[in-house]
Amino acid sequence: MGALLGLALGSGLLLVEGGVSRRMPRARRRWLARRADLLRQAGFPAAAGRLVAIELLSGTVLASLAVVLTGVAGLAVVGFGLGLLVPSAVVRRAARSRTADRRALWPEVADSLASGVRAGLSLPEALAALGERGPEPLRPAFAAFGADHRTSGRTAEALDRLRDRLSDPVGDRVVETVRLAREVGGTDVGTVLRTLAAFLREDARTRAELEARQSWTVNAARVAVAAPWLVLVLLGSQPEAARAYGTATGAVVLGAGGLACVLSYRAMVRIGRLPTERRVLR
């Protein structure tokens with residue numbers, strides 16, 4: 001009986017280990033794909049691993065500065081944690097800004113595609129024409145689509161590469177609309193594109209108004225989170241304060257303060273965040 005129980009336990013552990021080992025690479029690939037997509041949305045076509053290296057370097061630099069300026073080990077840990085967050089925060093901010101700038105361009109893209117279809121162009125030809133007459137920031141992606149289509153003649157693969165270059169939720173929708181219209185045919189694609197353009201204009205107008213109203217609140221919250229740590233750095237230059245925060249109690253206070261700031265800031269961002277479209281067609 002003991003041998004059977006041992007065999008059953010060993011088999012169970014092997015099955016669990018196999019399942020975890022299969023899931024971990026898949027989770028890691030998804031995480032790296034999200035990071036790479038974020039870099040493309042921000043306009044930084046770099047490998048996801050490079051962002052991780054920059055985060056580690058930023059954390060090391062801030063931790064070293066904290067040690068040099070204050071000599072408090074607790075502040076070095078806090079500085080390392082902040083350094084890990086800064087590069088990804090900068091990339092996310094750049095991605096949001098770039099997506100917001102493009103939001104006003106997509107109605108023009110949809111209108112141009114509808115006009116091209118009405119003028120007798122095929123959908124791939126209308127997309128390629130945007131490389132010359134489309135909105136300036138989007139021209140390189142559509143010009144590359146035209147080059148891919150002329151070289152290979154494979155519209156589906158060229159559309160996939162166009163979707164990856166754009167890395168935009170609305171771009172995904174436009175590309176898939178073109179793909180579906182090309183595959184199944186129909187005479188309503190122009191109407192669909194014009195309706196999409198009207199919807200995107202209304203959404204951009206409403207979102208811009210809401211963002212303008214909440215921007216001062218968000219900026220005030222950021223200042224409120226950063227101010228205590230700036231004061232703490234100044235206090236850390238004093239020997240008495242440095243000795244106080246260098247104790248175990250001081251480290252606990254720093255850790256609790258850092259955790260409270262991170263949680264409160266994340267809660268503020270999540271509560272005040274406007275709903276955004278996600279890239280589900282990747």
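This tour moves from the whole chain to one pocket and the helices around it.

Before selecting anything, note that the model is predicted, that local features need pLDDT of at least 70 and side-chain atom pairs count only at pLDDT 80 or more, while totals for chains, interfaces and linings use all residues. Residues are numbered from 1 along each chain as its sequence is written, and side-chain values use heavy atoms, with hydrogens and water left out.

Show the whole protein as a cartoon: the secondary structure comes to 11 helices and zero strands, where helices (H or I, at least four residues) and strands (E, at least two) are DSSP runs numbered from the N terminus. Colouring by burial, 33% of the 282 residues count as buried, that is, under 20% relative accessible area with a 1.4 Å probe and protein chains only.

Next, select Arg40, Arg98, Arg102, Arg165 and Leu166, which of the 14 lining residues lie nearest the centre of the second largest pocket. A pocket here is an open set of points on a 1 Å grid over the protein atoms alone, where a 1.4 Å probe fits, with protein on both sides within 12 Å along at least five of seven lines, and lining residues have an atom within 4 Å of a point. About 180 Å³ of space lies in this pocket, a volume being the space filled by probe spheres set on points joined across faces, edges and corners.

Then select helix 1 (2-42), helix 3 (73-103), helix 6 (139-152) and helix 7 (155-166), each of which supplies at least two residues of the lining; helix 7 gives the largest share, three residues.

Notes:
Buried < 20%, exposed > 50% of the residue type's maximum accessible area, 1.4 Å probe, protein only.
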